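Colleague: I would like a close look at one part of this model. Please take me through a charged pair and what surrounds it.

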Amino acid sequence: MLVVRSAISIVPQSPDLFEGTVRENIDPVGEHQDADIWVALEQAHLREFVEGLPGGLDAPVREGGSSLSAGQRQLVCFARALLRKVCHNLGFALRFREVN
């Protein structure tokens, strides 16, 4: 069951974000490199928006994501899901190359 849960990401219709930074909302446990976060933001079409924020990845996000529009909050959740998938697939590709 843990394997199934770790493979699923949910992007809710009415997303709520945590008070903190853009980075903390995309990578809540701080396990990814900035380059990977930027790739996820690019794929979610949020990179330019985040680059324009004062502080970029470290720009503040108010409780519930009230400092962002509903669409931007959804895209942040999408970027979080993409970040997990990109890094998982990269790890799989590296392990595949090591085996073959």
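**The salt bridges around Arg-23**

Modeller: The side chains of Arg-23 and Asp-34 form a salt bridge, at 2.3 Å from N to O. Arg-23 belongs to helix 2 and Asp-34 to helix 3, so the pair ties together parts that are eleven residues apart in sequence. Bear in mind that this is a predicted model. In general, side chains of opposite charge can pair when their charged atoms come close.

How exposed are the two partners? Arg-23 is partly exposed, with a relative accessible area of 21%. The cut-off for buried is under 20%. Asp-34 is partly exposed too, with a relative accessible area of 35%.

Arg-23 has a second partner. Its side chain also meets that of Asp-58 in a salt bridge, at 3.1 Å from N to O. Asp-58 sits in the loop between helix 4 (47-51) and strand 2 (60-61), while Arg-23 is in helix 2, so this pair ties together parts that are 35 residues apart in sequence. Asp-58 counts as partly exposed, at 45% relative accessibility.

Now look at the wider surroundings of Arg-23. Helix 2 covers residues 22-26. Beyond its neighbours within four places in sequence, Arg-23 is in contact with Asp-34, Ile-37, Leu-57 and Asp-58. Ala-59 lies 36 residues away in sequence, yet its C-alpha is 8.0 Å from that of Arg-23.

One of those contacts, Ile-37, leads into helix 3. This helix spans residues 34-43, and Ile-37, Trp-38, Ala-40 and Leu-41 are buried in it. Viewed down the axis of helix 3, the buried residues fall within an arc of 160 degrees, so they line one face of the helix. After helix 3 comes His-45, with a positive phi near 60 degrees.

How many salt bridges are there in the model? The count is three. The one not yet described joins the side chains of Glu-51 and Arg-47, at 2.9 Å from N to O. Glu-51 and Arg-47 are four residues apart in helix 4, so about one helical turn separates them. Glu-51 is partly exposed, with a relative accessible area of 44%. Arg-47 also counts as partly exposed, at 28% relative accessibility.

Which residues are joined into a network by salt bridges that share partners? They are Arg-23, Asp-34 and Asp-58. Arg-23 is the residue that pairs with Asp-34 and with Asp-58.

Note on methods. Residues are numbered from 1 along each chain as its sequence is written. This is a predicted model: local features need pLDDT of at least 70, side-chain atom pairs count only at pLDDT 80 or more; totals for chains, interfaces and linings use all residues. Side-chain values use heavy atoms; hydrogens and water are left out. Helices (H or I, at least four residues) and strands (E, at least two) are DSSP runs, numbered from the N terminus. Contact means heavy atoms within 4.5 Å. Buried means under 20% relative accessible area, exposed over 50%, partly exposed in between (1.4 Å probe, protein chains only). The arc is that of the directions from the helix axis to the C-beta atoms. A salt bridge is a side-chain nitrogen of Lys or Arg within 4 Å of a carboxyl oxygen of Asp or Glu.
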